[in-house]
Amino acid sequence: MGESTNTGAGGVSQQAADAAITDDFAVAGVPDSFQRLWTPYRMAYIKAGQGQVKDEESCPFCAGPTRSDEESLIIHRGKSAYVILNLFPYNPGHLLICPYRHVPDYTDITVEETAEMAALAQKAMRVLRHVSRPTGFNLGMNQGVTGGAGIAAHLHQHVVPRWAGDGNFFPIIAETKAIPATLGDIHTELRVGWSEID
């Protein structure tokens, strides 16, 4: 593959734009046309491996609903599914929608669970728009270990709010993701927002 010649604002090539913000410890690898989302702050969690969740007793998504909403960072409890803040967020307000049942695959849930998870995802987006005005979202379910699921044993859907410019160099050079609010503050704001939005 040749060098990327994609141009951005002002006709500057992507490679030139990257070079302007890259220090002397340039990222390893040959420049190409891929844009990558670097999340090294999750490595401590990833290194624990899939073996960290062996059964329902060791599953954080099963344990969460047994604790208080404040302790577990639960935003809303539905009939068959609930909404919780991600402890390892990509962005502030990164939510997970989980069925209460300990099932691994999207095909394992009932029609009722499917409908409630979809409704909760829609409401989560409305609440996040109301509280923090994101300009976009990433929604998804990583299925299975090879599909990228951090906890493959218990199904969960991600709702990630996005803003222009929310990705920066900090995770790359400092191995740190800047989240400009505490999980506790975000939890409080989203709980209030959840009660305000129909």
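Leaving aside neighbours within four places in sequence, His-158 is in contact with Asn-86, His-94, Leu-95, Leu-96, Asn-138, Leu-139, Gly-140 and Asn-142, where contact means heavy atoms within 4.5 Å. The model behind this picture is predicted, so to speak of local features takes a pLDDT of at least 70 and side-chain atom pairs count only at pLDDT 80 or more, while totals for chains, interfaces and linings use all residues. Residues are numbered from 1 along each chain as its sequence is written, and side-chain values use heavy atoms, with hydrogens and water left out.

His-158 sits in strand E5; helices (H or I, at least four residues) and strands (E, at least two) are DSSP runs, numbered from the N terminus. With a relative accessibility of 17%, His-158 counts as buried, the label for anything under 20% relative accessible area (over 50% is exposed, in between is partly exposed; 1.4 Å probe, protein chains only). Its side chain also makes a polar contact of 2.8 Å with the side chain of His-94. Such a contact is a pair of N or O atoms within 3.5 Å; within protein, one must be able to donate a hydrogen and the other to accept it, and residues adjacent in sequence count only if both atoms are side-chain atoms.

In UniProt, an unreviewed entry puts the annotation "binding site" on Asn-86 and His-158. The two are spread over 73 residues of sequence, yet they cluster in space, with a largest C-alpha distance of 8.5 Å. UniProt positions are given in the numbering used here, feature names are shortened, and annotations may be inferred rather than shown by experiment. Asn-86 belongs to the loop between E2 and E3 and is buried too, at 9% relative accessibility. Beyond residues up to four places away in sequence, Asn-86 touches His-94, Leu-96, His-158 and Leu-183. A polar atom of the Asn-86 side chain also lies 2.8 Å from the backbone nitrogen of Phe-88.

The same unreviewed entry type turns up for "active site", where UniProt lists His-156. This residue is in the loop between strand E4 (136-140) and strand E5 (157-162), and is buried with a relative accessible area of 7%. Not counting residues up to four places away in sequence, His-156 touches Phe-61, Leu-96, Ile-97, Cys-98, Gly-140, Met-141 and Ile-151. The His-156 side chain reaches the backbone oxygen of His-154 at 2.8 Å.

Several of these contacts lead to strand E3 (residues 95-99), where 5 of the 5 residues are buried, so the strand is largely enclosed by the rest of the structure. In a regular strand the side chains alternate between the two faces of the sheet. Both faces of E3 are covered, with Leu-95, Ile-97 and Pro-99 buried on one side and Leu-96 and Cys-98 on the other. E3 runs antiparallel to strand E2 (residues 81-85), joined by 5 bridges, and Leu-85 stands opposite Leu-95. E3 also pairs with E5 in the antiparallel sense over 3 bridges (pairing takes at least two DSSP bridges), and here Leu-96 stands opposite His-158.

As for the chain overall, there are 7 helices and 5 strands, in the order α-α-α-α-β-β-β-α-β-β-α-α along the sequence. Buried residues make up 35% of the 198 residues. Among contacts with a separation of 6 or more, 62% come from residues 24 or more positions apart.
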